[in-house]
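I opened my notebook to record what I looked up, one topic at a time. The structure comes first, then my entries.

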Amino acid sequence: MLRILGGAGRPLRLSEIADALDLPKPTIFGLVRTLRDVGFVHQDRATSDYSLGDGIRNLHESGLDPNDLRSHAMNWSDALASRTRLEVHIGFPDPDGARIVHHVFRPGGAKQHLRIGEVLPFHASALGKIMLGFVAGTPSSPRLLERYTQRTVVSRAALDAEMHRIRARGWSSEGGELTPGIGAVAVPLRGYGGIGVGALAVTGPVEKVFRHAGPPLESIIQATTDTAVSISRSLGLHA
Amino acid sequence: MNDTVIAAIDQGTTSTRCMIFDRQGRTRSLAQREHHQVFPQPGWAEQDADEIWRHVQRLVPEALAQAGLDRRQVAALGIANQRETTVVWDRTTGKSVAPAITWQDTRTSDLVDDLVAKGATDKVMAVTGLQPRTYFAGPRLRWLLDHRRGLRQRAKAGELLFGTMESWLIWNLTGGVDGGVHVTDVTNASRTMLMDLSTGQWDDSMLDLLDIPRVGLPSIRSNAEVYGTCVDPLQGVPIAGALGDQQAALFGQTCFEPGDAKCTYGTGAFLLINTGKERPTPGPSVLPTVAYALGDDDPVYAVEGSIAMAGSLVQWLRDALEIIPTAPQIETLARSVEHNGGCYIVPAFSGLYAPRWDQDARGVIVGLTSFVTKAHLARAVLEATAWQTWEVVEAIRNDLGLTLETLRVDGGMTSNHLLMQMLSDVLDVAVERPLVSETVCLGAAYAAGLTVGYWSDLATLSHHRHVAAVWRPKMDAAVRKRESTQWNRAVDHALGWVLPPD
Ligand SMILES: Nc1ncnc2c1ncn2[C@@H]1O[C@H](COP(=O)(O)OP(=O)(O)OP(=O)(O)O)[C@@H](O)[C@H]1O
Ligand SMILES: [Mg+2]
């Protein structure tokens with residue numbers, strides 16, 4: 001169907017596509033709707049005719065615009081910050097790590113600065129690790145395992161083992177591996193069809209994120225997961 | 001059942017929202033729905049009040065269900081609404097008798113010109129604080145009575161009720177044809193050009209001037225008191241707060257001290273600055289309005305700079321020009337270039353509001369060269385919102401001698417970081433986004449919660465406020481100077497564009 005739309009040289013009516021493919025119209029309708037919803041096919045507002053969509057050109061990208069993501073996520077990420085009283089980050093895949101595209105300050109904290117545009121390393125941040133595990137368009141394994149603190153995981157075997165656990169349980173954590181004393185929990189954000197499109201993290205002082213000498217606080221994992229579900233729902237509906 | 005909440009409705013220009021807040025002022029849920037807007041001819045903008053009421057009936061239960069709550073857990077309901085949008089309905093059928101005329105509609109321009117020609121301006125200003133303009137609700141009501149068959153007689157016979165959206169919703173929520181309460185609040189009433197800004201009451205001389213029968217008007221109430229009890233939805237819940245959306249945002253941003261200012265970036269942009277308990281008398285470029293009146297307390301006033309087009313210009317780029325697929329992607333496009341390429345857009349689609357107030361202005365794009373691409377246009381669209389805000393801030397500085405320390409912002413456009421940085425740059429002040437961006441709903445919830453004692457006082461509310469993001473100025477003063485000059489020159493091209501009819 002995409003070839004026919006691409007080769008036609010003009011927008012096509014539904015019946016023309018059906019004829020060209022020799023398939024019944026209802027079948028084509030279902031297919032073309034799905035392709036339109038993911039951006040591979042464009043439907044003209046006025047004529048309802050179909051042509052190739054911009055999504056085809058951006059196939060190598062996730063198809064989601066980071067500014068759309070921020071707009072969908074803003075109310076929910078604000079609510080997450082007030083619920084956990086921690087800082088919230090939303091990350092988008094970048095060749096070298098997780099790029100922060102949305103940042104909500106910690107409620108009641110001292111003077112804070114926007115960290116939009118910062119890229120957090122894949123192996124040393126919760127946001128980066130969850131991206132490695134779930135998000136389309138990220139490398140299967142980071143090139144370099146640079147050390148940031150004493151706790152940074154710099155052995156491939158150790159990272160692989162951790163990634164295995166992260167994939168199994170659906171969330172990642174960071175305990176002073178990037179910045180001493182700073183901890184985080186992150187979960188994936190899913191777009192249309194369940195594809196990982198970005199990630200959501202809650203971050204703050206290690207003692208506010210983790211149980212004493214234990215795993216992250218259950219309440220924080222729960223709040224972050226709930227928020228991701230709300231954001232993902234909003235993304236799916238609007239994709 | 002100890003878990004009680006406050007519900008709020010934000011009946012906006014493009015959509016209606018219902019939100020649920022907890023005692024810390026945190027969002028528990030949000031349900032939202034867009035309604036139709038009809039533009040039957042240039043300068044006209046209409047909506048269907050019945051459709052909006054149907055949306056409210058669905059959104060409220062939806063928000064409760066999302067939060068997993070029961071109506072009995074709602075301590076009170078607050079309402080905020082698009083201001084100046086005028087509804088007339090039949091008290092026996094409960095249906096609107098004409099499309100609602102929205103605040104962007106300019107069909108009353110002849111009527112307003114007549115008032116000005118008659119020399120009524122000074123009198124109107126003295127009573128209402130407002131210059132006669134198409135922006136306000138009173139002339140719209142007059143237009144409906146003049147132009148819709150039979151409405152004037154039926155109004156005089158007491159068969160019709162008038163109001164802005166909050167009156168319509170409160171009447172319906174409290175039972176409609178079965179004992180609905182017909183009220184408005186002092187902030188909405190202050191935008192009709194019919195209310196005495198000093199007393200907060202309908203003014204007979206204004207009603208005479210516009211020939212509006214008093215019988216159909218709602219009674220004017222404070223922003224925080226129990227107006228009535230919901231029948232459906234939210235049966236048994238008191239409606240305990242109502243404000244115009246921009247005043248609600250000011251309240252939600254906890255701008256309780258004189259000098260505190262906020263600007264809301266939605267369809268239009270509205271900058272309000274708290275000016276305290278004295279009725280302010282700014283020059284004609286900005287307007288005095290009621291900020292809020294809580295129960296029997298003296299009203300607090302504000303000065304407002306209203307900008308007609310902000311987000312709606314972005315929508316125009318999306319829907320009419322189809323340059324961007326979604327509003328937020330304007331940022332992606334705009335960031336693909338470093339500057340505006342010499343191009344400026346003045347969005348005077350229905351004239352210019354504050355501080356120019358020229359209903360004959362029309363939109364222009366100037367500075368076009370072959371160099372200019374759609375990315376430069378996208379940048380110019382965002383810059384237009386920043387510079388329009390700058391003009392309002394300058395006008396407030398000149399008229400009232402007030403200088404901003406920071407600007408608190410809210411509304412859908414605050415998710416645009418490029419725009420927020422531009423704002424901070426051109427205003428040369430820090431721009432602050434609060435943790436709850438839906439300040440309109442929050443403000444309505446706050447008013448309702450105060451009334452029923454859910455929150456004890458303003459200080460408690462201020463305590464809930466947290467900053468979610470701050471943008472600080474980075475622009476070089478020389479660049480700011482040059483660009484502001486260019487902006488002013490661009491505006492000159494837009495002014496007075498419409499020819500008088502032959
Ligand atoms: N990221 C963005 N960049 C630029 N403009 C945006 C962005 N997101 C939303 N907008 C614009 O903001 C407006 C929506 O904001 P918001 O939801 O606050 O408006 P609204 O409350 O529906 O308006 P109103 O109260 O006037 O009905 C739209 O006009 C849209 O074009
Ligand atoms: Mg609004």
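My notes below go from one chain, to the contact between chains, to single residues and pairs.

**Entry 1: the model and chain A**

I noted at the start that this is a predicted model. I began with chain A. I counted its secondary structure as 9 helices and 8 strands. Its C-alpha trace spans about 65 × 40 × 30 Å along its principal axes. Chain A has 239 residues, and 49% of them are buried. I also looked at contacts in chain A between residues at least 6 apart in sequence. Of these, 54% join residues at least 24 apart.

**Entry 2: a helix in chain A**

How many of the residues of helix 6 of chain A are buried? I found that 9 of the 9 are, so helix 6 (residues 126-134) is largely enclosed by the rest of the structure. I wrote down its buried residues, among them A:Lys129, A:Ile130 and A:Phe134.

**Entry 3: A:Gly170**

Next I looked up A:Gly170. I found it in the loop between helix 7 (156-169) and strand 6 (172-175) of chain A. Its relative accessible area is 23%, so I put it down as partly exposed. Setting aside residues up to four places away in sequence, A:Gly170 touches A:Ile130, A:Phe134, A:Val187 and A:Pro188. Two of these names were already in my notes: A:Ile130 and A:Phe134 are buried residues of helix 6. I also checked A:Ser155, which is 15 residues from A:Gly170 along the chain. The C-alpha atoms of the two are separated by 22 Å.

**Entry 4: where chain B meets chain A**

I turned to the interface. Chain B gives 28 residues to the contact and chain A gives 26 residues. The size of an interface is often given as the accessible area lost when the parts come together. Here the buried area is about 2200 Å², and carbon and sulfur atoms give 51% of that.

How many salt bridges does the rule find across the interface of chain B and chain A? I got 2. One joins B:Arg433 to A:Asp78, with the closest N and O atoms 2.8 Å apart. I also noted 14 residue pairs in polar contact across the interface, both residues at pLDDT 80 or more.

Then I asked which elements of chain B supply at least two residues each to the side that touches chain A. My list has strand 3 (27-34), helix 11 (329-334), strand 22 (430-434) and strand 23 (467-471). Strand 23 gives the most, with 5 residues. By type, this side of chain B has 10 nonpolar, 11 polar and 7 charged residues.

**Entry 5: salt bridges within chain B**

Over all chains, the count of salt bridges comes to 34. I looked up three in chain B.

- B:Arg26 and B:Asp22 meet through their side chains at 3.0 Å, N to O. B:Arg26 is partly exposed at 23% relative accessibility, whereas B:Asp22 is buried at 8%.
- B:Asp245 and B:Arg83 have their closest N and O atoms 3.7 Å apart. B:Asp245 lies in helix 9 and B:Arg83 in the loop between strand 5 (74-81) and strand 6 (86-90), so the pair ties together parts that are 162 residues apart in sequence. Both residues are buried.
- B:Glu394 and B:Arg397 come to 2.6 Å between their closest N and O atoms. Both lie in helix 12 of chain B, 3 residues apart, about one turn of the helix. B:Glu394 is partly exposed at 23%, and B:Arg397 is partly exposed at 34%.

I also found a network. Salt bridges that share partners join B:Arg83, B:Glu84, B:Arg191, B:Asp245 and B:Glu304.

**Entry 6: B:Gln247**

I stayed with helix 9 (residues 245-252) of chain B, which also holds B:Gln247. Is B:Gln247 buried or exposed? Its relative accessibility is 0%, so it counts as buried. Beyond four places in sequence, its contacts include B:Arg83, B:Arg191 and B:Val290. Its side chain reaches the backbone oxygen of B:Val290 at 3.2 Å. B:Arg83 is 164 residues away along the chain, yet the C-alpha atoms of B:Gln247 and B:Arg83 are separated by 9.7 Å.

**Entry 7: aromatic rings**

Last, I searched for aromatic pairs and found 16 over all chains. B:Tyr454 and B:Trp455 form one that is edge-to-face, 4.8 Å centre to centre with 85° between the planes. B:Tyr454 is buried at 7% relative accessibility, and B:Trp455 is buried at 2%. I also noted one aromatic cluster, made of B:Trp103, B:Tyr135, B:Phe136, B:Phe270, B:Tyr353 and B:Trp357.

Terms used: Residues numbered from 1 in each chain as written. Chains lettered and ligands numbered in written order. Predicted model: local features only at pLDDT ≥ 70, side-chain atom pairs only at ≥ 80, totals over all residues. Heavy atoms only, no water. Contact = heavy atoms within 4.5 Å. Buried area = accessible area lost by both parts, 1.4 Å probe. Salt bridge = Lys/Arg side-chain N within 4 Å of Asp/Glu carboxyl O. Polar contact = N/O pair within 3.5 Å; in protein donor to acceptor, adjacent residues only side chain to side chain. Helix = DSSP H or I, 4+ residues; strand = E, 2+ residues; numbered from the N terminus. Nonpolar A, V, L, I, M, F, W, Y, C, P; charged D, E, K, R; others polar. Phe/Tyr/Trp six-rings, centres within 6.5 Å; stacked < 30°, edge-to-face > 60°. Buried < 20%, exposed > 50% of the residue type's maximum accessible area, 1.4 Å probe, protein only.
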